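Visitor: Hey, I'm new to reading structures. Can you walk me through this one?

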Amino acid sequence: MTRRRWADARAFGLRVRLLLAFVLLGVTTTAVVASGSYFQARTVILQQAQDAAVMSLTDQLAQLYPLRQLPPTQDDLDTLAQRLSDREGYAVVVYRDMRAQGSEAPDLITPQLRQAVRDGVVAWQRVSVGGEPVLLIGTQLELDRPDGASLPSGLEVYSLRSLAPEQQSIDRLATLAWLTGGLSLVLAVLLALLAAQGVLRPVRELGRAARSLGEGRLTTRLSVRGADELADVARTFNDTAATLERQVGELRRMEADARRFVADVSHELRTPLAAMTAVTDVLDEEADRLPGDAGRAARLVSQETQSLTQLVNDLIEVSRFDSGTARLALDDVDVAAAVTATLRLRGWTDRVRADLPPGVVARLDPRRLDVIVANLVGNAFRHGAEPVSLLLRAEPDWLTIEVADEGPGLRPEVLAHVFDRFYKADTARTRSEGSGLGLAIAWENARLHRAPGQQGSLTAGNAPNGGAVFTLRLPRVAADDTGETR
């Protein structure tokens, strides 16, 4: 995972998701409850104000009415409007085409409101005057007949009542709703942080324990707290870690026994092999004088003894790698001269096309360089086709040696295992030359050359025009396990 993707994953981690979930829940709940309460209270306040204003107007009209005559005169309308205005602040009285207004104020009576009043309905509407909410109520006075019935008088009364006190109450409710929402949001954040802390603490502990277990500390265990699902996860982790510790311990024991067995057997074989080698030296000298089958048998025994000796030496070398006892004997080496000596010692000078620029000096282990180059060139002769080429390139901090042949190259299924121990590309040829350890030992010797921030490598591939190519890269100044270059 790249750094950016890791940052994005952290940005939307469990803590953030829990926080967002609690905040969203708190905001949603607060908004629903507060807005519902606000609108319900607002409706109740306005309805009560409207009902009180209607009752107040009705009571006042009952006290002031009837007029002395009907139809009224303009003076009668003016007097009625003035009396109502004195008590309510503003009133309009209308009779047919006559109109009386108790104070200087804008005409707020709409045609819809007046039509409703003419139809005998007590109508009202909320309007704004100078930015202040007011309630405009309209009603029509009725005449009482002798038989008890009522008739419309045609006299319309409109009263204007300020809703400023009610608006102040509504504003206080709105402020309270906002405060409640803010407090609920703060509470939701605190609860989210508390819940995230309770959930993330065991999750973080589990993450640290998993990393520790992955780094090889198999004794890592978690503290089990409580009996919830997270506690079950901790117990499962501990059981898994215990099982893994037992199995890995058993595998390590078996691997150590196998390595010790190989090392012991290899060392035990060295003494009889030394005696056998001495005998085969004598047989080699007498093989040409021995008759027929005896001579061939002597040469076969000598060849197999040499192969067995090489195998034992390879196994001893492998056991040193496995036990971690392999060490570098560093020296300042003229790489071109060392490679030339390797080819000359094995009689390959005329068979290898070497491109070795002079003056390339590196601090490395000359014996291990000899082993690597000999294995690569020998492998090219055995499994590739001549001509075999060897190329040396030097960089400020690295040196590179490429060994290529003109053979068929390496198949894809072979490339994945070419450096495995005892691996042979042709499994049917169990008696083919070589033990299958040469390339594995060369690979280990390359990796043994290290420098601060650098490590040697050996890779295999195919050339574009065919043939296998092995590339060795070594640091120009290698260091031993203590970090020193001596």
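Guide: Sure, let's start with Arg201, which is partly exposed at a relative accessible area of 35%. Buried means under 20%, exposed over 50%, and partly exposed in between, using a 1.4 Å probe and protein chains only. Keep in mind that this is a predicted model, where local features need pLDDT of at least 70, side-chain atom pairs count only at pLDDT 80 or more, and totals for chains, interfaces and linings use all residues. Residues are numbered from 1 along each chain as its sequence is written, and side-chain values use heavy atoms, with hydrogens and water left out.

Visitor: Okay, where does Arg201 lie?

Guide: In helix 5, which covers residues 164-214. Helices (H or I, at least four residues) and strands (E, at least two) are DSSP runs, numbered from the N terminus.

Visitor: And which residues gather with Arg201 in a patch?

Guide: Arg204, Arg208 and Arg211 join Arg201 in a patch of positive charge on the surface. Patch members have over 30% relative accessible area and no salt bridge; like charges are joined within 9 Å and nonpolar side chains (Val, Leu, Ile, Met, Phe, Trp, Tyr) within 5 Å. Lys and Arg count as positive, Asp and Glu as negative, and His and the chain ends are not counted. Each charge is placed at NZ of Lys, CZ of Arg, CG of Asp or CD of Glu.

Visitor: What makes the nonpolar surface patch?

Guide: Val186, Leu190 and Leu193, covering about 260 Å². That area comes from the Shrake-Rupley method with a 1.4 Å probe; for residues, only the protein chains shown count as cover. Val186 lies in helix 5 and is partly exposed at 49% relative accessible area.

Visitor: New topic: how many salt bridges does the count come to?

Guide: The count is 12, where a salt bridge is a side-chain nitrogen of Lys or Arg within 4 Å of a carboxyl oxygen of Asp or Glu. Among them, Glu215 pairs with Arg217, with their closest N and O atoms 2.3 Å apart. Glu215 is exposed, at 57% relative accessibility, while Arg217 is partly exposed at 45%.

Visitor: What about helix 6, which salt bridge has Arg235 in it?

Guide: Arg235 meets Asp232 at 2.5 Å, N to O. They sit 3 residues apart in helix 6 (residues 229-286), so about one helical turn separates them. Arg235 is partly exposed at 33%, and so is Asp232 at 37%.

Visitor: And which residue does Arg253 bridge to?

Guide: To Glu250, with the closest N and O atoms 2.5 Å apart. Both are in helix 6, 3 residues apart, or about one turn of the helix. Arg253 is partly exposed at 42%.

Visitor: Now the inside. Which residues of the largest nonpolar core touch the most other members?

Guide: Val335, Val377, Leu390 and Ile401, out of 37 residues in that core. Elements giving two or more residues to this core include helix 8 (335-345), helix 9 (366-383) and strand 9 (388-394). Helix 9 gives the most, with 8 residues. A nonpolar core is a set of buried Ala, Val, Leu, Ile, Met, Phe, Trp, Tyr and Cys residues joined through side-chain atoms within 4.5 Å.

Visitor: Last one: is the peptide bond from Glu386 to Pro387 cis or trans?

Guide: That bond is cis, with omega near 5°. Pro387 is in the loop between helix 9 and strand 9. Most peptide bonds are trans.
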